[in-house]
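Reader: I am new to this structure and would be grateful for a close look at one part of it. Could you please begin with a single pair of packed helices and then lead me on from there?

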Amino acid sequence: MFISETLRRFTRSEQFGGVLLIGCTVVSLALANSPVSDAWIALWHLKLGPLSIEHWINDALMAVFFLMIGLELERGIYVGALSEWRNALLPAFAAVGGMVAPALVHFAFNAGTEAEPGFGIPMATDIAFALAVMALLGPRIPPALKLFVVAYAIIDDLGAIVLIATVYTSEISAMWLALALGTWAALLLLNRTLHVVTLALYLVGGVFLWYCVFRSGIHASIAGVMLAFAVPFSANVPDAESPSHRLERWLHNPVAYVILPLFALANTGVAIDATALNLLGGANSLGIGLGLIVGKPVGIVLMCWLAIVTGLCTLPERVRWSHVAGAGLLGGIGFTMSIFITNLAFASTPAQIASSKIAVLAASLVSGLLGLLWLSKTPARL
């Protein structure tokens, strides 16, 4: 299966970014449980204008991350893995299974409790870490499997974005929402009707769009995805000439080497104290852990099996069922999106946030190791 040079750059960037994320997570955890823990945690709560450093990272910088996710999704729809319905259908089935099954596992343990809002935590896959694990196996991983993982991870990230915009949004300002939608409509008009390709205009409009979404009550990161689909994309011109291609290429390094590491430093500094450890043995942590480690691979494999036995899809070239199972295990690496949703699900309960993050980190580590071990034992060729 053909993989574009842009996707190759994306894969390489995410691989290195995954290694950096691991390092930042280890550093943040170590500092949060050291004699300087109070100073380390207080650092992220320092005010810069109206927001703390942590909020600037989670609300503003992460909108740039979501912008890159949106650009990748747009390209996938137009010319990539999602452009032909037969290629997109199997990853779509996998993504649905990988979202629904973990949510049901968590819901089974926490329905009707204060932890019920955490059902969205185990739903998303971290592309960076999944690709980083596959990179360790080199040529043992068929190119089509990498494409499959990227496609289903992007689709379930989209599911997580929809979840953030709906379930994890409380009070909405109609005026600011109308301004956000009006700004987005104006950007779409520039693109689709007036055919304006000046990237700077979309970026300036995107800043105003972000501010309107931020004030509306919907999480501001959604503005990144909205802007992505307003930036002009063309499948008929070289990458260097398409505003969407150029913006995606410019964002790779800042996202992989600055934004996500900062997110890890700011959000994984969890003090592992008695309260967090007590909650770690509770139903919420169990739902998160089993949702990622068990729910993800079971949901992905079952939905792929359903798609294939009904004749809707076929396995990609050189991909066997053991590869699909390994990809399912890697789907249990939640990390970035899972931690992001944790902050929204339990915004008013810091102790629950801490225990949930520990559960996410532990489950992601187990899933990554299981996926690595499983795929290392899978024959490289059919």
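Author: In this predicted model, helix α6, which spans residues 143-166, and helix α13, which spans residues 321-330, have axes that come within 11 Å and cross at roughly 40°. An angle under 35 degrees would count as roughly parallel, and the crossing therefore makes α6 oblique to α13. The crossing in which α6 passes α13 is right-handed. On the side of α6, the residues that meet α13 are Leu145, Phe148, Val149 and Tyr152. Their partners in α13 are His323, Ala327, Gly328 and Leu330. By class, this contact of α6 with α13 comprises six nonpolar and two polar residues, with no charged residue.

A second pair may be set beside it. Helix α10 (residues 243-267) and helix α14 (residues 335-345) have axes that come within 11 Å, and they cross at roughly 50°. These two helices, α10 and α14, are therefore oblique to each other as well. The crossing of α10 and α14 is left-handed, whereas that of α6 and α13 is right-handed. From α10, Leu260, Phe263, Ala264 and Asn267 take part in the contact; from α14, Phe335, Thr336, Ile339, Phe340 and Asn343 do so. Six of the residues in the contact of α10 with α14 are nonpolar and three are polar, and none is charged.

A third pair has another orientation. Helix α7 (residues 174-192) packs with helix α8 (residues 199-216) at an angle of about 160°, and their axes are 7 Å apart. Angles over 145 degrees count as roughly antiparallel, and α7 and α8 are therefore roughly antiparallel to each other. Their crossing is left-handed. Among the residues of α7 in this contact are Trp176, Trp184, Leu187 and Asn191, while those of α8 include Tyr202, Gly205, Gly206, Phe208 and Arg215. The contact of α7 with α8 divides into 14 nonpolar residues, five polar residues and one charged residue.

The description now turns from helix contacts to pockets. The largest pocket has a volume of about 950 Å³. It is lined by 40 residues, of which Glu54, Asn343, Ala347, Ile353 and Lys357 are the closest to its centre. Asn343 has already appeared as one of the α14 residues that meet α10. Both α10 and α14 are among the elements that give two or more residues to this lining, and others include α2, β2, α3 and α11. The largest share, five residues, comes from α15. Sorted by class, the lining of the largest pocket holds 22 nonpolar, 13 polar and five charged residues.

The second largest pocket contains about 600 Å³ of space. Of its 23 lining residues, Ile22, Phe129, Ile333, Ser364 and Leu365 are the closest to its centre. Two or more residues come from each of α1 (5-32), α5 (127-136) and α15. Here too α15 provides the largest share, with eight residues. The lining of the second largest pocket has 19 nonpolar and four polar residues and no charged residues, whereas that of the largest pocket includes five charged residues. Helix α15 thus links the two descriptions: it gives the largest share of the lining in the largest pocket and in the second largest pocket.

Terms used: Residues are numbered from 1 along each chain as its sequence is written. This is a predicted model: local features need pLDDT of at least 70, side-chain atom pairs count only at pLDDT 80 or more; totals for chains, interfaces and linings use all residues. Side-chain values use heavy atoms; hydrogens and water are left out. Axes are lines fitted to C-alpha atoms, for helices over the stretch in contact, and angles run from 0 to 180 degrees between N-to-C directions. Helices (H or I, at least four residues) and strands (E, at least two) are DSSP runs, numbered from the N terminus. Angles under 35 degrees count as roughly parallel, over 145 as roughly antiparallel, 65 to 115 as roughly perpendicular and the rest as oblique. A crossing is left-handed if the near helix is turned anticlockwise from the far one by less than a right angle, and right-handed if clockwise. Contact means heavy atoms within 4.5 Å. Ala, Val, Leu, Ile, Met, Phe, Trp, Tyr, Cys and Pro count as nonpolar, Asp, Glu, Lys and Arg as charged, and the others, Gly among them, as polar. On a 1 Å grid over the protein atoms alone, a cavity is a set of points where a 1.4 Å probe fits but cannot get out, and a pocket is an open set with protein on both sides within 12 Å along at least five of seven lines; lining residues have an atom within 4 Å of a point. Grid points are joined across faces, edges and corners, and a volume is the space filled by probe spheres set on the points.
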